[in-house]
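Let's take a walk through this structure together, from its overall outline down to a few individual residues. Keep the viewer open and follow along as we go.

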Amino acid sequence: MSKLKQFLAAVGRAILNFLKYKKHLYFPPLFFLVLAGVIIGAAVLIYSKFIEEPAEEVKMAFEAKNYDFTGQTIVLDPGHGGKDPGATSASDITESKIVFNIADKLKDRLEASGAEVILTREEGEFASLDDRKKEGDLFISLHSDAMDDPSITGFTTFYTYPNQKEFAETMNAALDEHSFFHNRGNRKLNYQVTWQLDYPAVLIELGYLSNRFDDHTITEEPYQDRMTEAILEGIDNYLN
Ligand SMILES: [Zn+2]
C-alpha cells in the first residue's frame, strides 16, 4: 500500500470516527443551519408570492375619449366659491376649490368637443343661487358636501322636474360605472339651482368630504380627471 493510500485511509477513518462519536459537536450548529435555511426559504417564498408580485394599481383616470358636442350650450355650476368655501376637507382643500377644478377640466374638454360652455362663477368668486340661473341646453351643478356623520359616503344625483329626470338618471348611471363610491341614487329634490330652470339640469354630489375615503379620493387630481370623463360620458349618453 502506498503512503498516499495509507494517508487517505487514515483521513477517511478519522472522518468516520468524528461523524460517529462527535455528534454533540456538529449536531447543534447543523440543526440551526437547517432551521435558518428553512426560515429563509419560507421567507423568500412568501415574499415572491405576496409582496414581489406587483399589487394591482388602482387606475384613477381612464382614457379620454373624443366627443362631438357641437351646437350644445352647457352650463357648468361649480358650487359655493369666494366667501362661501362649502365643505372643508381634512386635507384643507375646500369643496368650492374641488368642484371648480372639475368644472375647469370639464370646460376645457367640452370646448374641445365643440360645445359652448357657460360657467356660473369664476375661480374664487362668489355667486348667489339666483345668479346661477343661466340659459343653456344642459345644466350641471357640482358639489361634494360634508355631513356630521363621518360614515356617510357615496355620490348622489338630484333633479327637480320630470323633464330633468332622464338627464340626471343618465348622469347617475355614468357615475355609477366610474365612481369609486357607493351610489346613493337619483333623487327628486327642490334644490334652487335645478328648481329655477326649466331645461335638463342635474346637481351632482360627488362624495362626502366628511368621510375619510371619499375625502382622500376626491381631493386627488387623477380622480377628478376620472369624474370629468365620467360626466362627459354621461352627457354623450344623454345626447346620443
Ligand atoms: Zn355643496
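The paragraphs below move from the whole chain to its core, then to two helix pairs and two single residues.

First, a word on what you are looking at: this is a predicted model. The protein chain contains 7 helices and 6 strands. If you trace them in sequence order, the pattern reads α-α-β-α-β-β-β-α-β-α-β-α-α, with a pair of helices at each end of that string.

Now zoom out to the outline. Along the principal axes, the C-alpha atoms occupy a box of roughly 115 × 40 × 30 Å. The radius of gyration tells a matching story: the chain has 33 Å, whereas a compact globule of 240 residues would come out near 18 Å. Buried residues account for 34% of the 240 residues. Even so, the contacts reach far along the sequence: among those with a separation of 6 or more, 79% join residues 24 or more positions apart.

Where should you look for the interior? In soluble globular proteins, nonpolar side chains tend to be buried together. Here the largest nonpolar core has 39 residues, and the members touching the most others are Ile140, Met171, Val202, Ile204 and Ile231. Helices and strands both feed this core: β1 (73-78), α3 (95-112), β3 (138-143), β4 (155-159), α4 (162-178), β6 (201-205) and α7 (221-239) each give two or more residues. Helix α3 provides the largest share, with 7 residues.

Ile204 is a good place to centre your view. Setting aside residues up to four places away in sequence, Ile204 touches Ile140, Ser141, Leu142, His143, Phe155, Thr157 and Met171. Two of the partners in that list, Ile140 and Met171, are also among the core residues that touch the most other members.

Next, turn to α7, which packs against two helices that also contribute to the core. How do α3 and α7 meet? Their axes lie 9 Å apart and form an angle of about 50°. An oblique arrangement covers angles between 35 and 65 degrees, so α3 is oblique to α7. Their crossing is right-handed. On the α3 side you will find Asn101, Ile102, Lys105, Leu106 and Arg109, which meet Gln224, Asp225, Met227, Thr228, Ile231 and Leu232 of α7.

The other pair is α4 and α7, with axes 8 Å apart and an angle of about 140°. Only angles over 145 degrees count as roughly antiparallel, so this pair is oblique too. Again the crossing is right-handed. Helix α4 brings Phe167, Thr170, Met171, Ala174, Leu175 and His178 to the contact, while α7 brings Arg226, Ala230, Ile231, Glu233, Gly234, Asn237 and Tyr238. Notice that Ile231 appears in the contacts with both α3 and α4.

Two single residues round off the visit. His80 sits in the loop between β1 and α3. Its phi is near 60°, a positive value in a residue other than glycine. Is His80 buried or exposed? His80 has 23 C-beta neighbours inside 10 Å, and 20 are enough, so His80 counts as buried.

Asn183 belongs to strand β5 (residues 183-188). This residue is partly exposed because 15 other C-beta atoms lie within 10 Å. Beyond its neighbours within four places in sequence, Asn183 is in contact with Gly154, Phe155, Asn172 and Asp176. Its C-alpha atom is separated by 12 Å from that of Ile152, 31 residues away along the chain.

Terms used. Residues are numbered from 1 along each chain as its sequence is written. This is a predicted model: local features need pLDDT of at least 70, side-chain atom pairs count only at pLDDT 80 or more; totals for chains, interfaces and linings use all residues. Helices (H or I, at least four residues) and strands (E, at least two) are DSSP runs, numbered from the N terminus. The radius of gyration is taken over C-alpha atoms; the globule rule is 2.2 Å times the number of residues to the power 0.38. A residue is buried if 20 or more other C-beta atoms lie within 10 Å of its own, exposed if 12 or fewer, and partly exposed in between; C-beta atoms are placed from the backbone. Two residues are in contact if their C-beta atoms, placed from the backbone, lie within 7 Å. A nonpolar core is a set of buried Ala, Val, Leu, Ile, Met, Phe, Trp, Tyr and Cys residues joined through C-beta atoms within 7 Å. Axes are lines fitted to C-alpha atoms, for helices over the stretch in contact, and angles run from 0 to 180 degrees between N-to-C directions. Angles under 35 degrees count as roughly parallel, over 145 as roughly antiparallel, 65 to 115 as roughly perpendicular and the rest as oblique. A crossing is left-handed if the near helix is turned anticlockwise from the far one by less than a right angle, and right-handed if clockwise.
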